[in-house]
Amino acid sequence: MSYHDLRCGDEPIYETVDSFVPEVQFPYVACSFNVNVTCTNSKILYADATGNPSAYNIKCIIYAILPLWQILISVRWFLRHRNNRLEREKKMKHNQVKGKMTLTEKNMLLVLISGICFLITAFDVDGWADRYPWSFTKFVFGFGIATLMTMLLRVVHAWILILSASGKNMNAPTWLRIWFWVSTIAMYGGECIFNEIQFHVGHAGEVAGARDGNAYVAKQLCVAGVLASSSFLTVKYAFKMKKSLSSGEEITKEQIQIMMYCKNISVATSIGLIYKLL
């Protein structure tokens with residue numbers, strides 16, 4: 001892809017897009033970006049170059065409200081659920097209390113961790129103010145997304161375990177444990193590792209804010225694979241329970257409710273899959 005039409009005198013400014021390295025790199029722009037803004041150097045932060053840096057700060061504050069609310073709600077729900085559980089165990093087991101957390105409590109902790117990640121990134125949501133390195137912002141945001149997805153994987157794992165339970169046997173089959181851990185590793189690998197690599201390999205390592213296309217595709221495929229497998233399993237077990245229900249087999253109310261949840265999750269993961277593959 002040649003850019004010989006972009007010239008400075010008789011010489012091309014740069015040969016190809018792959019060899020172009022801007023003199024002023026993100027999150028800075030040249031002072032000529034906005035002639036109405038006064039700058040004492042040859043470059044200026046993009047947030048300042050817009051002419052209204054307070055507008056960007058207001059935007060960051062607005063973006064911070066939702067994760068802050070998420071943190072407060074998750075802490076409240078976690079403490080309430082945990083205290084209620086401990087009180088029930090204390091009454092039922094003669095003051096003997098188990099310290100093991102329930103699935104709900106673990107999920108609330110995951111929601112809390114992801115909220116903290118989103119709150120951190122909200123303070124420089126677009127990277128315009130250079131409050132954090134851009135790759136750090138994307139890494140923390142990706143970690144928050146992967147943490148939320150881990151909650152989804154834990155829920156799907158628990159539901160499949162209940163739907164496939166035979167009598168009192170609640171031991172997870174080997175394939176389900178393998179799927180859960182492989183999916184968890186793939187999710188964090190895509191959203192964290194490849195998310196970080198894409199800013200440092202190839203020509204992207206020379207241009208701040210740019211990302212390598214191959215690393216980006218690898219990241220998207222990792223996450224898409226997890227979403228696809230989750231969608232497949234939820235659809236499979238939802239139809240399996242529906243078939244059992246139509247054949248007259250005895251099914252608990254909990255299994256029927258989980259079957260409906262599986263259908264909803266399959267729709268959500270399918271939408272996420274389409275987004276990742278676009």
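In this predicted model, a nonpolar patch of about 530 Å² lies on the surface and is made by Ile-58, Ile-61, Ile-62, Tyr-63 and Ile-65. One of these residues, Ile-65, belongs to helix H2, which covers residues 53–92. Ile-65 also marks a change in the direction of H2, for a kink of about 25° lies there, shortly before the proline Pro-67. The buried residues of the helix are Tyr-56, Cys-60, Ala-64, Pro-67, Gln-70, Ile-71, Ser-74, Phe-78, Arg-85 and Glu-89. Pro-67 is thus among the buried residues of H2, whereas Ile-65 contributes to the nonpolar surface patch.

The length of H2 can be checked against the rise expected for a helix. At 1.5 Å a residue, its 40 residues should span 58 Å, and the C-alpha atoms at the two ends are 59 Å apart, so the expected and the modelled values agree.

The wider setting of this helix is a protein chain with seven helices and four strands. Read from the N terminus, the order of the elements is β-β-β-β-α-α-α-α-α-α-α, so that the four strands precede the seven helices, as the definition of the numbered elements from the N terminus allows one to follow. Of the 278 residues in the chain, 36% count as buried.

Charged side chains were examined next. Side chains of opposite charge can pair when their charged atoms come close. The count of salt bridges in the model comes to three. One of them joins Lys-59 to Asp-126, with the closest N and O atoms 2.5 Å apart. This pair links distant parts of the chain, since Lys-59 is in helix H2 while Asp-126 is in the loop between helix H3 (103–122) and helix H4 (134–163), 67 residues apart. Both partners fall between the limits for buried and exposed residues, which are under 20% and over 50% relative accessible area: Lys-59 has a relative accessibility of 28% and therefore counts as partly exposed, and Asp-126, at 21%, counts as partly exposed as well.

The side chains of Arg-82 and Glu-105 meet in another salt bridge, at 3.5 Å from N to O. Because Arg-82 lies in helix H2 and Glu-105 in helix H3, this pair ties together parts that are 23 residues apart in sequence. A salt bridge is also formed by the side chains of Arg-85 and Glu-105, with an N to O distance of 2.6 Å. Here too distant parts of the chain are linked, with Arg-85 in helix H2 and Glu-105 in helix H3, 20 residues apart. Arg-82, Arg-85 and Glu-105 are accordingly linked in a network of salt bridges. The members of this network differ in their exposure: Glu-105 is buried, with a relative accessible area of 0%, and Arg-85 counts as buried at 4%, whereas Arg-82, at 22%, is partly exposed.

The loop between H3 and H4 also holds Asp-130. This residue has a positive phi of about 60° although it is not a glycine, and its relative accessibility of 35% places Asp-130 among the partly exposed residues.

A further helix, H5, was considered in the manner used for H2. At 1.5 Å a residue, the 24 residues of H5 (residues 174–197) should span 34 Å, and its end C-alpha atoms are 32 Å apart, which agrees with the expectation. The helix bends by about 40° at Gly-189. Gly-189 is itself buried, as are Leu-176, Trp-179, Phe-180, Ser-183, Thr-184, Met-187, Gly-190, Glu-191, Cys-192 and Asn-195 of the same helix.

Finally, the cysteines were examined for disulfides, and the count comes to zero. Cys-192 is in no disulfide, for the nearest cysteine sulfur, that of Cys-117, is 8.3 Å away, while a disulfide would require the two sulfur atoms to be within 2.5 Å. Cys-192 is buried, with a relative accessible area of 6%, whereas Cys-222, at 22% relative accessibility, counts as partly exposed.

Definitions and conventions:
Residues are numbered from 1 along each chain as its sequence is written. This is a predicted model: local features need pLDDT of at least 70, side-chain atom pairs count only at pLDDT 80 or more; totals for chains, interfaces and linings use all residues. Side-chain values use heavy atoms; hydrogens and water are left out. The expected span of a helix is 1.5 Å times one less than its number of residues. The bend at a residue is the angle between axes fitted to the seven residues ending there and the seven starting there. Buried means under 20% relative accessible area, exposed over 50%, partly exposed in between (1.4 Å probe, protein chains only). Patches are made of residues with over 30% relative accessible area and no salt bridge: like charges are joined within 9 Å, nonpolar side chains (Val, Leu, Ile, Met, Phe, Trp, Tyr) within 5 Å. Accessible areas come from the Shrake-Rupley method with a 1.4 Å probe; for residues, only the protein chains shown count as cover. A salt bridge is a side-chain nitrogen of Lys or Arg within 4 Å of a carboxyl oxygen of Asp or Glu.
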